[in-house]
Amino acid sequence: MREFVYGSEAKYNLLKETLNDHLCHVYMNCTLPSCCSKQTARIGFEKGEISYILYIDKGISCSKITAPALFKEWLFKGTLLFMDFSDIKAFLRSLKCLY
């Protein structure tokens with residue numbers, strides 16, 4: 001996940017373009033923050049008809065009390081829905097505080 005939290009604009013633009021095929025793109029062994037119960041996880045991105053979906057392996061917990069609530073919700077549910085790709089980018093970049 002660190003790879004996405006600190007991703008460049010060019011990498012985000014490439015990811016957004018890739019998602020136009022409406023398939024789920026899974027990235028293996030993404031580095032999680034040290035406050036997580038696992039060191040790595042699979043993270044998936046998918047573009048639906050009217051939203052974007054962000055996936056993560058289920059069964060991961062976060063011990064940091066001050067971690068963003070949306071991050072904890074994502075870990076709990078395994079998915080988050082976003083209406084716009086820029087919202088995914090903003091969410092992931094907001095997690096810098098965990099690193």
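1. Helix crossing. H2 crosses H4 in a right-handed sense. This is a predicted model. The two helices span residues 9-18 (H2) and 85-93 (H4). Their axes lie 11 Å apart, at an angle of about 135°. That angle makes H2 oblique to H4.

2. The H2/H4 contact. On the H2 side, the contact uses Glu9, Tyr12, Leu15 and Lys16. On the H4 side, Phe85, Lys89, Leu92 and Arg93 take part. By class, the contact of H2 with H4 has four nonpolar residues, four charged residues and no polar ones.

3. Lys89. This residue belongs to helix H4. Is Lys89 buried or exposed? Lys89 is buried, because its relative accessible area is 18% and the cut-off for buried is under 20%. Leaving aside neighbours within four places in sequence, Lys89 touches Glu9 and Tyr12. Glu9 and Tyr12 are among the H2 residues of the helix contact.

4. Cysteines. How many disulfides does the structure hold? The count is zero. Cys24 is in no disulfide. For Cys24, the nearest cysteine sulfur belongs to Cys30, 12 Å away. A disulfide needs the two sulfur atoms within 2.5 Å, so that pair does not qualify. Cys24 is partly exposed, with a relative accessible area of 38%.

5. Cys97. This cysteine is in no disulfide either. The nearest cysteine sulfur to that of Cys97 is on Cys35, at 8.5 Å. Cys97 counts as partly exposed, at 45% relative accessibility.

6. Ala41. Strand E2, residues 40-47, contains Ala41. The relative accessible area of Ala41 is 3%, so Ala41 is buried. Which residues does Ala41 contact, leaving aside its neighbours within four places in sequence? The list is Tyr27, Met28, Asn29, Cys30, Leu32, Ile56, Asp57 and Ile60. For one of them, Cys30, there is also a backbone distance: its C-alpha atom is 5.3 Å from that of Ala41. Ala41 and Cys30 are 11 residues apart along the chain.

7. Ser51. Where is Ser51 found? Ser51 sits in the loop between strand E2 (40-47) and strand E3 (52-56). Although in a loop, Ser51 is buried, with a relative accessible area of 13%. Leaving aside neighbours within four places in sequence, Ser51 is in contact with Glu46, Leu81, Phe82 and Met83.

8. Positive phi at His22. The phi of His22 is near 60°, a positive value in a residue other than glycine. Most residues other than glycine have a negative phi, so such values merit a look. His22 lies in the loop between H2 and strand E1 (25-31). His22 is partly exposed, with a relative accessible area of 36%.

9. Positive phi at Asn29. Asn29 also has a positive phi, near 55°, and is not glycine. Asn29 is in strand E1, whereas His22 is in a loop. Is Asn29 buried or exposed? Asn29 is exposed, because its relative accessible area is 55% and the cut-off for exposed is over 50%. Asn29 is also one of the residues in contact with the buried Ala41.

Note on methods:
Residues numbered from 1 in each chain as written. Predicted model: local features only at pLDDT ≥ 70, side-chain atom pairs only at ≥ 80, totals over all residues. Heavy atoms only, no water. Axes fitted to C-alpha atoms, helices over the stretch in contact; angles between N-to-C directions. Helix = DSSP H or I, 4+ residues; strand = E, 2+ residues; numbered from the N terminus. Parallel < 35°, antiparallel > 145°, perpendicular 65-115°, else oblique. Left-handed = near helix turned anticlockwise from the far one by under 90°. Contact = heavy atoms within 4.5 Å. Nonpolar A, V, L, I, M, F, W, Y, C, P; charged D, E, K, R; others polar. Buried < 20%, exposed > 50% of the residue type's maximum accessible area, 1.4 Å probe, protein only.
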